[in-house]
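Me: Can you walk me through this structure? I'd like to hear about pockets and then charged pairs.

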Amino acid sequence: MEWGGGINLGDFMVAAAQYGGPLALTRDETKFTKTQHAGKPLIFIFSSSGRKISSFKWTSGFLLSLGWSRSEDLVCVQEDGAVSIYDMFGTYQHTFNMGQEVKDTHIQSAQIFTSHRETGVAILSKSNRIFMVSNIYEPKTRKYPDIPGGVVECWCVVREERHTNVLVSQGRDLLLLNHIEQRPQPLYPEWNEAGGCIVEMAVSTNSRHIALLSDTGKLWIGSSDIRIKYCEYDAKSQVKPKQLAWCGTGAVVLLWDMTLEVVSVNGDATSYYLDSTSHLVQEADGLRVLGSITHDVLQKVPLVVTETLGIGSMAPGALLLEAAKGFQERSTRANDCLGMIKDSVEEAVNQCLQAAQHEYRPQAQKMLLRAALFGKSFIPEMNPEPCKKAIFTLRVLNAVRDYRVGLPLTWNELEHLTLPVLLDRLVYRRYFPLALQIADFLKLPESDGTSRILAHWACYKVLQPSQKSDEQIAKEINSKLGYTPGISYTDIANRADQAGRKQLAIKLIEYECRAKEQVLVLMRLGEDQTALRRALQSGDTDLIYTVLHHLRQKLSSGEFLMLIRNFPVAQSLHIRSCQELDMEQLRDILVQEDDFHGQGLLRIKEAYNTYRTDSHQASLVGAAELFRKAKSESACQMTEEQIKLNKWQMRLEESQQKPYAKKSLHDTVHQLLLDGQIKETEKLRVEFKIPERRYWWLRVVAHAQANHWEELANFSKNKKNPIGFEPFVDACLKNGNKIEAQKYAMKVRDENKITYLIKCGLLEEAVKVAQEQRSASSLTKVLVACGPQHQNLQSRIQVLLSDSSFKN
């Protein structure tokens with residue numbers, strides 16, 4: 001251990017994270033006499049190799065327990081039920097409380113536990129009640145059933161797939177607490193000898209096995225539901241061990257001051273003597289023994305290692321290893337050993353690879369890997385991926401096991417943790433160069449490797465004090481990161497802003513490629529004009545509207561209008577928006593810009609949005625005046641004509657007692673014709689100079705619609721007919737009067753006469769006209785229009801068509 005051996009772990013409260021994680025040490029206040037001038041304790045955080053990472057002063061209440069979360073955050077539990085979270089570098093994260101009842105009664109013990117995805121805290125209050133928070137990042141306190149009166153000797157948390165149970169020992173009674181059940185359930189482990197109370201218990205990392213230790217020194221090992229007993233062992237010591245822990249799932253370890261006793265699930269025991277006071281750390285596939293001088297891993301030797309490296313072993317892997325050694329020594333025994341495994345070379349290669357995976361010494365790894373590659377050379381078709389994976393992964397493991405990094409991971413732990421998580425942990429420890437080397441060595445995709453690591457480096461970089469200017473730091477970060485896929489300058493700028501370095505954040509966000517993200521950050525940083533300029537450069541209308549909306553809420557109306565005046569595109573978009581949503585704002589803009597034409601159009605829109613006739617007329621008068629100021633003669637003339645039409649409509653409403661207001665000139669004339677007001681219609685025609693053709697069309701359509709057939713007939717006798725009789729026929733047919741339509745069918749122009757006679761059903765007349773025109777195509781049209789009832793006519797037409805005198 002790099003801390004030099006001067007630390008007596010017996011004087012400290014120790015917490016170690018799993019998967020070779022960091023260590024937290026603080027003075028154990030219960031082992032020292034409290035003095036009046038005693039200062040606040042310090043919490044030291046070390047790597048697994050004893051290299052100091054950080055330290056900070058504990059300034060809160062009495063510290064009862066320490067532990068680590070799955071994400072390697074330090075969890076500190078106080079006596080009053082407050083739980084504080086710190087990162088590995090002593091930076092405060094957040095605090096939550098276990099509830100008012102816990103705060104009032106205080107805690108006598110606490111346990112920090114981890115599940116597959118979460119980290120939880122369970123506490124035993126001094127009122128003998130269990131409270132639990134299953135996820136420290138989303139704390140919800142859950143109360144467990146009350147424990148019957150009596151002293152709680154020990155307790156532990158047993159995790160299951162969907163819920164978490166608590167085992168409690170009260171003397172000779174063992175109780176199971178579940179938050180679903182109303183009362184504790186008694187459990188009865190099967191002991192060889194009755195008597196004795198359980199004083200210590202430990203649950204395996206996978207929560208499937210449990211070990212119970214009685215005050216008589218008897219150790220009971222079985223399943224966590226107490227239904228199956230594996231063995232019972234007599235430790236022959238009534239002294240309560242300092243710790244009871246599982247070594248993987250195959251053995252239980254008892255630790256006294258400097259003595260370690262390992263008891264397998266079969267009841268076999270082995271003792272070890274330590275050189276200093278130690279602390280045990282459970283792992284999924286073993287146990288770490290943390291001492292003042294050394295840090296050891298205790299593990300059951302895998303069977304494949306025993307078979308491959310065992311003395312006198314005849315396993316294929318052992319023979320292949322011997323053959324490889326003989327080959328290097330140019331000995332004939334290489335050929336002899338290969339001959340013994342000629343049918344199982346592939347199995348021998350796999351055994352050597354697996355043995356190398358579980359070895360910690362690089363020399364032993366190399367020896368086994370050379371043997372595996374030697375054997376593979378005799379099987380060309382064998383898949384090379386297992387060998388490649390073993391070599392690459394062992395190089396990574398050896399790199400992180402180095403004392404300067406301090407991550408003593410086993411192969412199985414890395415398999416469970418996965419390489420991306422390992423990279424995250426290296427980045428979290430700020431080993432950016434090593435993480436980049438590993439990502440490059442393993443050829444990971446940039447999004448999972450280089451990009452992510454560089455992004456974390458940049459976020460760390462902006463938090464560090466520096467003599468360089470903000471612009472220099474931003475350029476340095478950009479030169480390192482460039483525009484690598486997956487890099488978000490927005491995240492880096494946000495981190496700089498959180499650290500109080502606003503100007504650096506502004507410089508960094510200039511390198512962001514995504515316009516939307518860039519603009520949102522600039523608005524949050526108060527760089528409104530720059531944000532508007534970037535939004536306009538992007539050409540994204542929605543983004544421009546977002547900035548405009550933000551500016552309208554932030555600035556007064558006058559300031560806002562003066563600002564967007566410098567940006568014509570933004571002003572145009574704002575005007576378009578105001579036309580639909582905010583007429584008052586639009587008027588302010590038009591008045592400010594002296595846009596009389598636009599003001600006139602706005603007044604016209606207001607005129608047609610009001611229901612009052614006087615307001616309508618006043619708005620039109622105002623619009624005409626504004627158009628006159630704008631020297632828009634056509635618009636002014638049209639508005640004045642509309643004013644004049646409004647006066648006519650008002651007079652008509654008074655005389656006819658019918659609504660005419662807000663109708664167009666066309667609709668007004670049409671309505672008068674429907675109402676039979678021919679004289680008034682003539683006056684309007686003369687007053688507003690309605691073109692002759694339009695007026696005739698209006699008359700024909702309106703008379704037909706109103707069924708004024710006599711009036712229509714009289715009107716058709718006018719010799720000055722500018723539209724012909726085709727509209728007469730169409731209007732009659734449209735309004736369902738075929739007989740009236742037939743009156744005008746013979747009067748249409750010659751080129752249209754056949755078509756309109758067919759429309760009116762006058763097929764005989766159509767044949768006569770076609771004969772007069774000597775047109776075969778016209779006869780063909782009539783023939784197509786004939787039905788089954790016109791057989792005679794069809795025969796006649798066919799005879800006519802056979803006449804060569806008819807022209808196509």
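Me: What volume does the second largest pocket have?

Reply: About 1100 Å³ for the second largest pocket in this predicted model. A pocket here is an open set of points on a 1 Å grid over the protein atoms alone, where a 1.4 Å probe fits, with protein on both sides within 12 Å along at least five of seven lines. The volume is the space filled by probe spheres set on the points, which are joined across faces, edges and corners.

Me: Which residues are closest to its centre?

Reply: R159, E160, E161, N206 and S207, out of 39 that line the second largest pocket. Lining residues have an atom within 4 Å of a point.

Me: And which elements supply at least two residues of the lining?

Reply: Strands β9 (107-114), β13 (154-159), β14 (164-170), β15 (173-178) and β16 (185-187), along with α8, each do that for the second largest pocket. Helices (H or I, at least four residues) and strands (E, at least two) are DSSP runs, numbered from the N terminus.

Me: How does that lining split by class?

Reply: The lining of the second largest pocket has 18 polar, 13 charged and eight nonpolar residues. Asp, Glu, Lys and Arg count as charged; Ala, Val, Leu, Ile, Met, Phe, Trp, Tyr, Cys and Pro as nonpolar; the others, Gly among them, as polar.

Me: Switching topic: how many salt bridges are there?

Reply: The count is 31, taking a salt bridge as a side-chain nitrogen of Lys or Arg within 4 Å of a carboxyl oxygen of Asp or Glu. One of them pairs E72 with R425 at 3.2 Å, N to O. E72 sits in the loop between β5 (63-68) and β6 (74-78) and R425 in helix α9 (residues 419-428), 353 residues apart.

Me: Is E72 buried or exposed?

Reply: E72 is buried, at 1% relative accessibility, and R425 counts as buried too at 10%. Buried means under 20% relative accessible area, exposed over 50%, partly exposed in between (1.4 Å probe, protein chains only).

Me: What about E415, which residue does its side chain meet?

Reply: K389, in a salt bridge of 3.3 Å, N to O. E415 lies in helix α8 (residues 411-417) and K389 in helix α7 (residues 385-401), so this pair ties together parts 26 residues apart in sequence. E415 is partly exposed at 41%, and so is K389 at 43%.

Me: What about numbering and confidence?

Reply: Residues are numbered from 1 along each chain as its sequence is written. Local features need pLDDT of at least 70 and side-chain atom pairs 80 or more, while totals for chains, interfaces and linings use all residues, and side-chain values use heavy atoms, leaving out hydrogens and water.
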